[in-house]
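Hi everyone, thanks for making time for this one. Please have the sequence and the model open while I talk, and stop me whenever you like.

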Amino acid sequence: MTDNTDTIVALATPNGVGAIAVIRLSGPEAITIANSVFKGKDLTRQASHTIHFGNIADGDLILDEVLVSLFVGPRSYTRENVVEVSCHASGYIIESIIKLFIKKGARSAKPGEFTLRAFLNGQLDLSQAEAVADLIASNSKASQQVALQQLRGGFSSQLKGLREQLVNFASLIELELDFAEEDVEFANRDQLKNLIHEITKIVGRLIQSFELGNAIKNGVNTVIAGRPNAGKSTLLNALLNEERAIVSHIPGTTRDTIEEVLNIQGINFRLIDTAGIREATDAIEQIGVQRTMEKISQSALLVYVFDAAEITIEDLNKDIESLQKPGVTMLVVANKADLLNPEQLAALPHTDRAIIISAKQKRHIDELKHKIYSSAVKDQLSGDETLVTNIRHLEALQKTEQALVRVLGGIDGSITSDFLSMDIKQALHYLGEIVGVVTTDDLLENIFSKFCIGK
């Protein structure tokens with residue numbers, strides 16, 4: 001565990017050439033250290049949440065003209081004294097100012113140490129602290145909204161409410177253990193059973209939300225697959241509205257996978273254009289086909305494209321059957337509709353998972369995008385919906401659910417209070433791990449080491 005009594009310093013903005021950089025200090029001596037090198041007002045006598053113009057100087061050598069922002073603890077991100085120095089984003093200036101602060105008594109911050117201090121000082125719980133990293137890494141509107149909702153405590157408050165109710169019953173069962181010889185029950189078993197059912201339902205819903213939450217956070221792996229010359233690359237270009245893939249009438253043009261990101265209504269879809277599925281004519285094409293099948297198995301969504309003017313119904317059904325994989329949603333896309341007559345159009349599949357398009361003429365591409373979006377979201381996304389996006393949270397919720405199932409089994413089996421208490425404590429432990437009521441140094445090190453320095 002890091003020392004929480006010293007003052008730390010780091011660059012809070014990205015490295016690189018720019019107009020402004022922000023250097024952050026946090027700790028008991030942050031204001032004193034900044035004041036010792038600041039030529040302007042006496043920072044130790046200024047109010048919190050004020051900004052002051054002046055120079056940073058090393059003795060008689062002026063390093064830069066700066067703006068200094070003061071946040072007097074506990075009214076700061078870390079609940080400690082915090083100083084943020086806005087200087088010019090010269091690498092030399094940044095390095096010189098940080099070295100000067102270190103010479104005056106600060107030390108370099110470790111990755112995530114500012115947010116770790118916010119957690120240790122009670123400003124954030126652990127799930128909110130992890131949401132900070134998610135918010136920084138968010139690359140779509142949906143991922144930003146989910147991270148912001150968790151940072152504001154939506155997920156935390158729901159879990160804390162469940163945990164408090166369980167704690168009340170756990171206390172009553174503990175009381176029963178003190179009167180074990182008198183064989184009394186302070187915790188009403190029917191009320192406890194109803195509570196466990198309610199909590200199990202909520203925990204189960206949170207577990208189920210991970211599929212969508214993970215998709216929003218990391219993007220939806222979406223494979224475009226089909227036979228050679230079905231128009232897969234043309235479709236990729238139409239979806240992206242740019243010429244990303246090489247298009248040719250020669251079958252087998254795409255020999256390897258091409259990956260691009262398409263944002264639909266705030267969610268990123270990682271589109272993967274693959275080699276055509278057929279009997280390979282050479283070793284390189286064979287490798288491409290193998291990679292196609294691997295990508296399909298690893299995807300969440302498969303967009304199967306076929307040449308509606310050429311393929312037979314038998315071959316179509318054969319392809320669909322061979323490409324269906326457990327856990328992979330398939331959309332069936334009939335391409336080259338511009339080449340079909342009305343009878344041929346009528347013979348094509350007409351289901352919720354099928355769509356008829358012309359990638360070349362960009363017909364019905366917007367409808368296909370809507371189907372791609374709805375296949376991933378399934379009407380689950382709303383402004384106030386709590387979604388699980390973190391694999392650590394998912395595992396803790398799954399262990400909580402298992403412990404709750406044991407509690408229900410124990411109530412039905414009329415087990416003694418001591419065994420019932422153990423299972424309830426297990427559920428409390430795993431719920432506590434999520435928000436940080438239960439932590440270890442190894443857990444905190446693992447979480448905060450993945451943060452960027454300066455946050």
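Let me begin with a question: which residues form a nonpolar patch on the surface? They are I51, F53 and L67, and together they have about 330 Å² of accessible area. Please keep in mind that what you see is a predicted model. If you want to find the patch, start from strand β4, residues 50–58, where I51 lies. I51 counts as exposed because its relative accessibility is 58%, and the cut-off for exposed is over 50%.

Now let's step back for the overall picture. The protein has 455 residues, and buried ones make up 48% of them. You can trace 16 helices and 13 strands. The accessible surface comes to about 22,500 Å², with 50% of that belonging to carbon and sulfur atoms. If we take the contacts with a separation of 6 or more, 65% of them are between residues 24 or more positions apart.

On to the inside. The largest nonpolar core has 34 residues, and those that touch the most other members are L235, L239, I267, F269, I357, L368 and I372. Helix α13, residues 365–377, gives the most to this core, with 6 residues. Where does this core lie with respect to domain 2 and domain 3? It lies between them, because both domain 2 (132–214 + 390–435) and domain 3 (219–377) give residues to the core. Let's zoom in on one member, I372. Setting aside neighbours within four places in sequence, I372 is in contact with L239, I264, F269, L301, V303 and L331. There is also a second, separate core of 32 residues, and L162, F169, I196 and L397 are among them.

Next, have a look at helix α8, which covers residues 210–218. Its buried residues include F210, L212 and I216, along with G213 and A215. What do the buried residues of α8 pack against? The list is α5 (141–151), α7 (189–208), β8, β10 (267–273), α13 and α14. Right after α8 comes G219, with a positive phi near 90°.

Let's turn to charges. The structure holds 16 salt bridges, and I'll show you three of them.

The side chains of D6 and R107 meet at 2.5 Å, N to O. This pair links distant parts of the chain, with D6 in the segment before β1 (8–11) and R107 in strand β7 (residues 107–108), 101 residues apart. R107 is partly exposed, with a relative accessible area of 22%. D6 and R107 also belong to a network of salt bridges that links them with E80, E113 and R117.

The next pair is R392 and E130, whose side chains meet at 2.8 Å, N to O. R392 lies in helix α14 (residues 391–412) and E130 in helix α4 (residues 126–137), so this salt bridge ties together parts that are 262 residues apart in sequence. Are these two buried or exposed? R392 is buried, with a relative accessible area of 14%, and E130 is buried as well, at 7% relative accessibility.

The last pair I picked is D315 and R227, at 3.8 Å, N to O. D315 sits in helix α11 (residues 313–323), while R227 is in the loop between β8 (220–226) and α9 (232–240), so the pair ties together parts that are 88 residues apart in sequence. Both count as partly exposed, D315 at 28% relative accessibility and R227 at 29%.

Here is another contrast between sequence and space. S417, found in helix α15 (residues 417–435), is 244 residues from I173 in sequence, yet their C-alpha atoms are 6.2 Å apart. S417 is buried, with a relative accessible area of 15%.

I'll finish with some details of the backbone. A cis peptide bond joins G73 and P74, with omega at about 5°; P74 is in the loop between β5 (61–71) and β6 (82–88). Which residue has a positive phi of about 50° although it is not a glycine? That is Q265, in the loop between β9 (258–264) and β10, and Q265 counts as exposed at 53% relative accessibility. K336 is not a glycine either, and its phi is positive at about 65°. You'll find K336 in the loop between β12 (329–335) and α12 (342–347).

That's my tour, and I'm happy to go back to any part of it.

Note on methods: Residues numbered from 1 in each chain as written. Predicted model: local features only at pLDDT ≥ 70, side-chain atom pairs only at ≥ 80, totals over all residues. Heavy atoms only, no water. Core = buried A, V, L, I, M, F, W, Y, C linked by side-chain atoms within 4.5 Å. Buried < 20%, exposed > 50% of the residue type's maximum accessible area, 1.4 Å probe, protein only. Helix = DSSP H or I, 4+ residues; strand = E, 2+ residues; numbered from the N terminus. Domains from an automatic or database assignment. Contact = heavy atoms within 4.5 Å. Patch = residues over 30% accessible without salt bridge, like charges linked within 9 Å, V, L, I, M, F, W, Y side chains within 5 Å. Areas by Shrake-Rupley, 256 points an atom, 1.4 Å probe, with all protein chains shown as cover. Salt bridge = Lys/Arg side-chain N within 4 Å of Asp/Glu carboxyl O.
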